[in-house]
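This report treats selected residues, one helix and the open and enclosed spaces of a single protein model. The sequence and the structure are shown first, and the discussion follows.

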Amino acid sequence: MALNVKQSQKSRETDLKVAHSAASAVRTVGVDQMALTRVAADAGFSSGVIYARCDDRSELVVLAWEKSFWPMLSEIISLLLDAVMTKSDANIQKIGELFQTVSALDAVPDIGSAMEVIISSRRDEVISEVVQRDIIGLLDDHDVGPSTDGADRQAAVSAISTLFGAAILNSVLNADGNHPIDPTMLFSVFASASQTSTKPTKSVGEPRTTTPYQFPSTHDEVRDALISASEYVIARSGIHRATVSRIARRAGVSVGAIYGLYENKEALVSDCLEVLFPPQSRQDAEDWAHVFTATDQRAMVTSILTNYMSPSLEQWRRFRLESLLAARHSPVIAAQLGVYASQARQTIARAAANAPSHAVIRPDTGLSARSSVLGLSILEIVDPTIRQLDWRWIPVV
């Protein structure tokens with residue numbers, strides 16, 4: 001019996017070492033490029049130790065999630081949900097400190113990599129069933145799961161989306177080690193804004209109409225076809241797994257036609273980003289710029305959320321997330337997206353300076369409020385029901 005206990009303890013320690021090594025690999029090379037043999041070597045084990053636990057990369061990611069990422073992430077989410085449910089900001093400072101710790105450049109596991117696992121789970125059923133089980137289970141445990149419909153549910157979704165959005169953006173645009181987005185103040189807003197757990201009895205405005213996604217044409221038929229096909233393929237498989245052959249087939253052209261316009265796949269991806277990101281980024285920044293001085297900030301935020309979560313923009317939401325994942329492991333893509341992000345931040349910063357002192361969306365909450373929109377597209381991967389939420393009573397008062 002004592003021998004079995006000792007062996008079990010050793011096995012658990014090995015699991016944790018392997019999981020830690022896998023979590024480190026997600027940070028350095030990403031889910032799609034993680035090699036089992038390298039993870040084993042970094043953990044100080046033979047490949048046989050990995051294969052005794054994991055059949056393939058997907059199972060290795062699951063091990064990293066269960067033993068490394070989820071314990072870290074669930075602690076923060078639990079504290080955040082407790083704050084929302086108790087209408088108290090007593091633990092907000094602790095949440096903020098934890099967020100800073102797991103966002104550090106040397107953190108393993110880190111919260112940005114946890115977001116990568118969640119985003120990657122959309123195209124991997126093995127990872128998806130575990131990630132969805134854990135996140136939905138935690139929401140259900142706090143009575144704010146998909147089957148609920150009330151103010152607490154809305155506040156919980158808003159708070160978690162802010163956490164997720166800030167985490168992924170900081171992990172991409174944080175090369176200097178200074179966190180550009182601190183969601184702590186907005187967490188406090190969500191924790192205290194809802195004074196009741198039920199929907200408001202009176203109407204909070206008419207349903208908002210949405211603006212259909214407009215493809216930004218280059219006025220070159222072949223180039224437009226290739227960029228449109230690239231957006232489609234990348235949104236479904238990610239940049240690393242997107243092949244030139246698949247893009248060509250989707251566009252209805254030969255592979256040779258692609259290489260006639262672009263030197264390589266990287267050049268095609270860069271052009272795709274250059275065409276698709278700036279218009280959306282400018283529109284996004286302009287929309288949020290109007291929020292700061294709006295007499296009814298709730299109505300403005302409602303309009304932004306309703307439009308962003310509309311079916312018309314689903315492919316753009318997926319493409320944007322996959323581009324951010326690629327930027328985590330490609331300095332070239334990160335630099336390109338960083339230019340667009342910097343331009344948007346400048347627009348928002350100028351507008352934020354004019355916000356009234358009593359406004360909820362103001363200089364210290366503006367960037368985190370904007371990141372919550374991106375976070376919604378991460379949360380919808382595991383909880384698609386958030387697309388049906390009534391954003392007219394979002395907890396912004």
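Does D15 count as buried or exposed? The model is a predicted one, and in it D15 counts as buried because its relative accessibility is 14%, below the 20% limit for that class. The residue belongs to helix α1, which covers residues 2-28. Apart from neighbours within four places in sequence, D15 is in contact with R53, L63 and K67.

**Two further buried charged residues**

E231 is placed in helix α10, residues 221-241. With a relative accessible area of 2%, E231 is buried, since burial requires a value under 20%. Beyond residues up to four places away in sequence, E231 touches Y213, F215, C272, L276, Q315, W316 and F319. Between the C-alpha atoms of E231 and A341 there are 19 Å in space, and the two are 110 residues apart in sequence.

R328 is located in helix α15 and is also buried, with a relative accessible area of 14%. Its side chain forms a polar contact of 2.8 Å with the side chain of E116. E116 also appears in the list of residues that R328 touches, which excludes residues up to four places away in sequence and further includes V26, R27, D110, G112, S113, I168, S171 and V172.

**Helix α7**

Helix α7 runs over residues 125-141. Its 17 residues, at 1.5 Å a residue, should span 24 Å, and the end C-alpha atoms are 24 Å apart, so the expected and computed spans agree. At the start of α7, a side-chain oxygen of D124 comes to within 3.0 Å of the backbone nitrogen of V126. The buried residues of the helix are I127, V130, V131, D134, I135, I136, L138 and L139. These buried residues pack against α4 (57-86), α6, α8 (151-172) and α17.

**Backbone geometry in loops**

Most residues other than glycine have a negative phi, and most peptide bonds are trans. D143, just after α7, takes a positive phi of about 60 degrees. This residue is in the loop between α7 and α8 and is exposed, with a relative accessible area of 55%. H219, another residue other than glycine, has a positive phi near 65 degrees. H219 is situated in the loop between α9 (184-193) and α10 and counts as exposed at 76% relative accessibility. The peptide bond from V108 to P109 is cis, with omega near 0 degrees; P109 is in the loop between α5 (92-102) and α6.

**Pockets and cavities**

Which residues lie nearest the centre of the largest pocket? Of the 36 residues in its lining, these are Q280, S281, Q283, D284 and W316. Two or more lining residues come from each of α13 (265-292), α14 (297-308), α15 (314-329), α16 (331-352) and α17 (366-382). Helix α13 gives the most to this lining, with nine residues. W316, one of the residues nearest the pocket centre, is also one of the contacts of E231.

The lining of the second largest pocket consists of 23 residues, with Q33, I239, H240, A326 and I333 nearest its centre. The elements that supply two or more residues to this lining are α6 (111-120), α10, α13, α15 and α16.

How many cavities of 30 Å³ or more are there? The count is two. The second largest cavity is lined by L169, D284, R320, R370, S371, V373 and L374. Helix α17 gives the most to this lining, with four residues. D284 thus belongs to the lining of this cavity and is also among the residues nearest the centre of the largest pocket.

The volumes and the classes of lining residues are set out below.

| Space | Volume | Nonpolar | Polar | Charged |
|---|---|---|---|---|
| Largest pocket | about 750 Å³ | 20 residues | eleven residues | five residues |
| Second largest pocket | about 410 Å³ | eight residues | nine residues | six residues |
| Second largest cavity | about 40 Å³ | three residues | one residue | three residues |

Terms used:
Residues numbered from 1 in each chain as written. Predicted model: local features only at pLDDT ≥ 70, side-chain atom pairs only at ≥ 80, totals over all residues. Heavy atoms only, no water. Buried < 20%, exposed > 50% of the residue type's maximum accessible area, 1.4 Å probe, protein only. Contact = heavy atoms within 4.5 Å. 1 Å grid on protein atoms, 1.4 Å probe; cavity = no way out; pocket = protein on both sides within 12 Å on 5 of 7 lines; lining within 4 Å. Points joined across faces, edges and corners; volume = space filled by probe spheres on them. Nonpolar A, V, L, I, M, F, W, Y, C, P; charged D, E, K, R; others polar. Polar contact = N/O pair within 3.5 Å; in protein donor to acceptor, adjacent residues only side chain to side chain. Expected span 1.5 Å × (residues − 1).
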